[in-house]
Every structure is written in C-alpha cells, then in structure tokens.
Amino acid sequence: MCPLTIYKASAGSGKTYALTLEYLRLLFRLPGMHRHILAVTFTNKAAGEMKHRILSRLHALSGRSPETADNELGELMKATGMDEKGVRKKAARLLDAILNDYSGFSVETIDKFFQSVIRSFTREIGIQPGYNLELD
C-alpha cells in the first residue's frame with residue numbers, strides 16, 4: 001500500500017466517489033483503520049459531503065438502508081475476496097465502530113489539518129499556546 005495517494009481531477013469527475021471507495025477499501029482491509037486514515041479536502045462542504053458519503057455507503061452496504069450500493073459492493077467483493085454476505089456483515093461492524101468512535105473518524109479541510117499540526121508544536125516553533133488565527 002502506498003503511504004500517500006493524491007487524486008487530481010476536475011469538478012464533476014467523480015473524485016468523491018473514488019475517494020469514498022478508496023476509504024472503504026482501506027477500512028475493509030484493517031478494522032479500526034478509521035483512526036489512522038486522514039482524508040483532507042479544501043472546503044468544509046466537501047469534508048462534510050465526504051463524511052456523509054462514507055457513512056451512507058456503509059449504511060447501504062450493511063443492508064440497514066433501502067438505498068443500494070451495488071457498485072461499491074462489487075468493488076469491495078473483488079478487493080477483499082469476500083462474498084456479498086461477508087461484505088454486508090463487515091460493513092455493519094465498521095459502521096458501528098465508526099459511530100461509536102466518531103472522534104477518530106477524520107475527514108477535514110487542509111486548513112483544519114494544518115491548524116492542528118501548528119497547535120501540537122506551538123512550544124517548539126515559539127508561538128504562544130493560546131494564539132488566535134486571524135484571516136484577512
């Protein structure tokens with residue numbers, strides 16, 4: 001597995017679908033992986049949409065929703081070697097794990113990510129811990 005994957009694509013080209021599918025593939029490989037995946041995007045709207053899409057796809061895959069996820073089901077069956085029943089069971093477990101540990105589910109903006117890095121190293125870079133960020 002490559003430690004960093006970058007997707008470059010224009011608007012409306014299916015980035016959110018591709019990123020959601022990749023996120024699901026990672027989740028299915030290693031349970032609890034949601035704590036170790038950082039999905040970064042540019043806007044709050046895109047981050048919210050991405051989180052919603054991941055959760056709604058897991059919900060659909062688990063069979064708990066009338067919505068279908070046939071494309072993702074086929075892709076995950078191929079990627080994991082599981083049958084349909086296995087994918088559905090695992091999707092239900094993964095959905096429960098994320099919802100019970102929602103703070104570990106990280107899809108955020110690039111700004112928020114860098115702010116968290118800066119806040120973690122305020123002492124090392126000589127910034128007062130209670131600094132305020134002003135945008136102009």
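**View 1. Helix 2 and helix 4 cross in a left-handed manner in this predicted model.** The two axes come within 8 Å, and they cross at roughly 140°. Angles over 145 degrees count as roughly antiparallel, and helix 2 and helix 4 are therefore described as oblique to each other. Helix 4 covers residues 84-100, and the residues that it brings to the meeting are V87, R88, A91, L94, L95, I98 and L99, while helix 2 brings L55, L58, H59, A60 and L61. When the residues of this contact are sorted by class, 10 are nonpolar, 1 is polar and 1 is charged.

**View 2. Helix 1 passes helix 2 in a right-handed crossing.** Two packed helices are in general described by the angle between their axes and by the distance between those axes. For helix 1 and helix 2 the angle is about 55°, and the axes lie 10 Å apart. Helix 1 and helix 2 are therefore oblique to each other. On the side of helix 1 the contact is made by T16, Y17, L19, T20, Y23, L24, L27 and F28, and on the side of helix 2 by E49, M50, R53, I54, R57, L58 and L61. By class, this contact of helix 1 with helix 2 has 10 nonpolar residues, together with 2 polar and 3 charged ones.

**View 3. The largest pocket holds about 1,100 Å³ of space.** It is lined by 33 residues, and the closest of them to the centre of the pocket are T5, Y7, L19, A39 and V40. Three elements give two or more residues each to this lining, namely helix 1 (15-29), strand 1 (39-41) and helix 2 (44-61). Helix 1 gives the most, with 7 residues. Sorted by class, the lining of the largest pocket consists of 21 nonpolar, 8 polar and 4 charged residues.

**View 4. The second largest pocket holds about 170 Å³ of space.** Its lining is made up of N44, A47, G48 and K51, along with S103, F105, S106, V107, E108, T109, K112 and S116. The elements that give two or more residues to this lining are helix 2, strand 2 (107-109) and helix 5 (110-120). Helix 2 gives the most to the lining of the second largest pocket, with 4 residues. By class, the residues around this pocket are 3 nonpolar, 6 polar and 3 charged.

**View 5. The whole protein, shown for orientation, contains 6 helices and 2 strands.** Followed from the N terminus on, the elements run in the order α-β-α-α-α-β-α-α, and this order can be used to place each of the close-up views along the chain. Along its principal axes, the C-alpha trace of the protein spans about 55 × 35 × 30 Å. In this wider setting, the reader can again find helix 2, which meets helix 4 through residues including L55 and H59, and which also makes contact with helix 1 through residues including E49 and M50.

Note on methods
Residues are numbered from 1 along each chain as its sequence is written. This is a predicted model: local features need pLDDT of at least 70, side-chain atom pairs count only at pLDDT 80 or more; totals for chains, interfaces and linings use all residues. Side-chain values use heavy atoms; hydrogens and water are left out. On a 1 Å grid over the protein atoms alone, a cavity is a set of points where a 1.4 Å probe fits but cannot get out, and a pocket is an open set with protein on both sides within 12 Å along at least five of seven lines; lining residues have an atom within 4 Å of a point. Grid points are joined across faces, edges and corners, and a volume is the space filled by probe spheres set on the points. Ala, Val, Leu, Ile, Met, Phe, Trp, Tyr, Cys and Pro count as nonpolar, Asp, Glu, Lys and Arg as charged, and the others, Gly among them, as polar. Axes are lines fitted to C-alpha atoms, for helices over the stretch in contact, and angles run from 0 to 180 degrees between N-to-C directions. Angles under 35 degrees count as roughly parallel, over 145 as roughly antiparallel, 65 to 115 as roughly perpendicular and the rest as oblique. A crossing is left-handed if the near helix is turned anticlockwise from the far one by less than a right angle, and right-handed if clockwise. Contact means heavy atoms within 4.5 Å.
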